[in-house]
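Visitor: I should like to go through the classifications in this entry and hear the reasoning behind each of them. Please begin once the sequence and structure are in view.

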Amino acid sequence: MTAAPEKIRCDACPVMCYIAPGQTGACDRYANDAGRIVRTDPVALLTHALDQGHRIIPFAAATWTDGLVPDDTTVTGIGSGTTYPDYKPAPFIVSQQIDGADMVTVVTEAIFSYCGVKVKIDTDRHLGPEGATVRHMGEPVGHVTTAEYGSQMLSLGGVHHLTGGGKAEGRLTCSALLALCNGEAVELSIDHGSTVTVQAGHPPIVDGTPERRMRVGCGSATIGMFASQWQGLVDEVVVVDDHITGVVSEHQAGKVIGWEPTGIRIKGHRSTPGRYFRVSEPGLGWGGTKLTDPLEILGDWNPKKGARPGLRLLMVSTTGEDYVFYVLDDNLKPQRHPLPPDLLPTVALIDENCEPSLCTVLFMGGAGGSLRAGVTKNPVRLTRSVQSGETRLTSGGADCYIWPGGGITFMVDVTRLPRGAFGYVPTPALVAPLEFTLPRDAYLRLGGHDDAIRSLPDIIDRGGEYPTAAKLHPRGGPT
């Protein structure tokens with residue numbers, strides 16, 4: 001009787017899979033290759049090679065390199081393997097000369113249960129009420145947070161969704177975060193709101209309709225930018241906006257250039273002159289409001305303050321998508337007319353000044369936990385070094401924003417990393433590449449693992465704990 005092939009245990013994450021020969025673990029990132037655990041993805045090396053006309057090192061199945069490695073090559077955390085269990089040194093601690101300085105880069109793939117993404121969606125459309133639950137395939141994965149200028153914001157993931165709910169919630173939260181971080185499209189539904197498809201670097205799709213542009217500014221800002229363009233062509237301009245609706249005759253911009261009063265009355269909360277809040281509820285209409293007929297926000301015109309028959313009124317949205325031209329009749333009622341040709345360029349100017357509507361995905365994680373032990377024997381010193389700026393933290397070679405305060409909490413734009421840089425483990429948690437770079441003498445002062453420091457040629461020649469190939473990427477963005 002033939003004995004079954006022996007499974008071996010992978011210790012690259014807390015799941016500790018037993019993997020049969022020729023098979024991968026639950027994460028698909030590690031495999032049993034003839035009785036040895038190997039990393040299935042290549043270690044990513046960043047270089048300026050493309051800019052300099054050098055060739056790319058191909059993805060090799062068994063060898064690390066087939067020749068030239070440019071001097072400016074840096075090992076990233078992508079495909080490197082993890083520090084788990086974290087008492088041991090990071091997979092790669094690389095000694096290099098960078099701009100003439102003796103530097104050390106500590107490279108690892110970090111496992112993050114405490115992580116999430118912040119999503120910026122450029123749209124005036126009302127996606128859902130603030131605090132509303134965001135769902136993926138029916139499971140809660142985050143919430144709508146405070147809207148910012150011209151954009152709707154979502155906060156997704158975090159430890160409570162990844163590990164604090166049911167198994168389906170954790171699994172689908174991890175799946176959604178992984179797809180977003182790797183540049184894939186994810187459909188999200190918002191309670192009491194819209195369904196939106198989000199993909200980093202692409203326009204959002206709201207309720208099946210792709211967005212084309214974001215607002216040029218609020219209604220007040222639009223007045224400030226273009227009041228002089230309208231002077232002499234029209235008697236009044238109202239820029240309809242969910243946040244701040246602008247009225248040119250009352251606005252300071254209009255006053256400065258001598259705009260005459262018109263006797264207009266806006267139904268809304270008057271702020272400073274020419275600026276109105278809450279003219280409508282949020283929605284999918286004009287300027288992010290519910291309005292399909294902008295006349296709903298107008299009250300009776302006051303002849304004692306300048307209203308007269310024949311007064312010309314332009315109403316326009318903050319993207320220039322919606323506009324209509326009216327003339328007051330003898331009863332001071334607005335009557336719709338075709339837009340005069342000389343006003344068309346002013347509406348087109350609003351359109352031209354609108355930025356393309358895109359989705360931005362920022363991965364956010366805390367690197368202040370046990371992974372620091374893979375960098376230094378005294379972890380708090382690494383935290384202080386990162387916070388002081390002595391140690392530079394990157395993710396897949398991309399610059400990170402480091403939050404002030406305790407720990408090492410960072411954010412990174414996922415479009416700045418090579419495609420497929422993020423992984424997962426089924427605990428569930430995301431796996432993100434990290435690199436800590438600092439002068440060699442400073443690294444030793446931190447209590448770094450000096451006996452694990454290796455030169456880049458040695459790493460290229462001998463590989464790491466988990467055998468894998470190497471793949472060269474240009475610096476400065478995804479490939």
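**Reasoning from value to term**

Guide: In the hairpin formed by β11 and β12, with 2 residues between the strands, Gly150 takes a positive phi near 80°. Please bear in mind that this is a predicted model.

Visitor: What makes β11 and β12 a pair of strands?

Guide: Pairing requires at least two bridges found by DSSP. Strand β11 (residues 139–148) is joined to β12 by 5 bridges, and the two run antiparallel, so the criterion of at least two is met. One of the bridge partnerships links Glu148 to Ser151 in β12.

Visitor: How do you know that β9 pairs with β12?

Guide: The same reasoning applies. β9 and β12 share 7 bridges in the antiparallel sense, against a requirement of at least two. Here Asp122 has Ser151 of β12 as its bridge partner.

Visitor: Why is strand β12 described as largely enclosed?

Guide: Strand β12 covers residues 151–157, and 7 of its 7 residues are buried, so the rest of the structure largely encloses the strand.

Visitor: How do you know that Cys181 is in no disulfide?

Guide: The sulfur atoms of a disulfide must lie within 2.5 Å of each other. By this rule the model has 0 disulfides. For Cys181, the nearest cysteine sulfur is that of Cys115, 7.2 Å away, so the pair does not satisfy the limit of 2.5 Å. Cys181 is also buried, with a relative accessibility of 3%.

Visitor: What rules out a bond for Cys400?

Guide: The closest cysteine sulfur to that of Cys400 belongs to Cys181 and is 12 Å away, which is too far for a bond. At 16% relative accessibility, Cys400 is buried, since the term applies under 20%.

Visitor: Why are Arg125 and Glu321 said to form a salt bridge?

Guide: The nitrogen-to-oxygen distance between their side chains is 3.6 Å, and the limit is 4 Å, so the pair qualifies. It links distant parts of the chain: Arg125 is in the loop between β9 (115–122) and β10 (133–136), and Glu321 is in the loop between β21 and β22, 196 residues apart. Arg125 is buried at 17% relative accessible area, whereas Glu321 is partly exposed at 34%.

Visitor: What makes Asp300 and Lys333 a salt bridge?

Guide: Their side chains meet at 3.9 Å, N to O, which is within the 4 Å that the term allows. Asp300 is in the loop between β20 (275–277) and β21, and Lys333 in the loop between β22 and β23 (334–337), so the salt bridge ties together parts that are 33 residues apart in sequence. With 55% relative accessibility, Asp300 is exposed, the threshold being over 50%. Lys333, at 42%, is partly exposed.

Visitor: How many salt bridges are counted, and which residues form a network of them?

Guide: The count comes to 17 salt bridges. Arg29, Arg39, Asp41 and Glu109 are linked in a network. Another salt bridge joins Arg454 and Asp458, with an N to O distance of 2.8 Å; Arg454 is buried at 17% relative accessibility.

Visitor: What makes the buried residues of α5 line one face?

Guide: In helix α5 (residues 344–352), Thr346, Val347 and Ile350 are buried. Seen down the helix axis, the buried residues of α5 fall within an arc of 100°, so they line one face. Pro345 and Glu352 are exposed on the other side of α5. The cover over the buried residues of α5 includes α3 (219–230), β21 (312–317) and β22 (323–328).

Visitor: Why is Thr82 called buried?

Guide: Thr82 has a relative accessibility of 2%, and buried means under 20%, so the term applies. Thr82 is in the loop between β6 (74–75) and β7 (92–98). A polar atom of the Thr82 side chain lies 2.7 Å from the backbone oxygen of Ala12. Beyond its neighbours within four places in sequence, Thr82 contacts several residues, among them Ala12, Tyr30, Pro91 and Ile111.

Visitor: How do you know that Ser385 is buried?

Guide: The relative accessible area of Ser385 is 2%, and the limit is under 20%, so Ser385 counts as buried. Ser385 is in helix α6 (residues 379–388). Not counting residues up to four places away in sequence, Ser385 touches Glu390, Thr391, Leu438 and Leu446.

Technical notes:
Residues are numbered from 1 along each chain as its sequence is written. This is a predicted model: local features need pLDDT of at least 70, side-chain atom pairs count only at pLDDT 80 or more; totals for chains, interfaces and linings use all residues. Side-chain values use heavy atoms; hydrogens and water are left out. Buried means under 20% relative accessible area, exposed over 50%, partly exposed in between (1.4 Å probe, protein chains only). Helices (H or I, at least four residues) and strands (E, at least two) are DSSP runs, numbered from the N terminus. The arc is that of the directions from the helix axis to the C-beta atoms. Contact means heavy atoms within 4.5 Å. A polar contact is a pair of N or O atoms within 3.5 Å; within protein, one must be able to donate a hydrogen and the other to accept it, and residues adjacent in sequence count only if both atoms are side-chain atoms.
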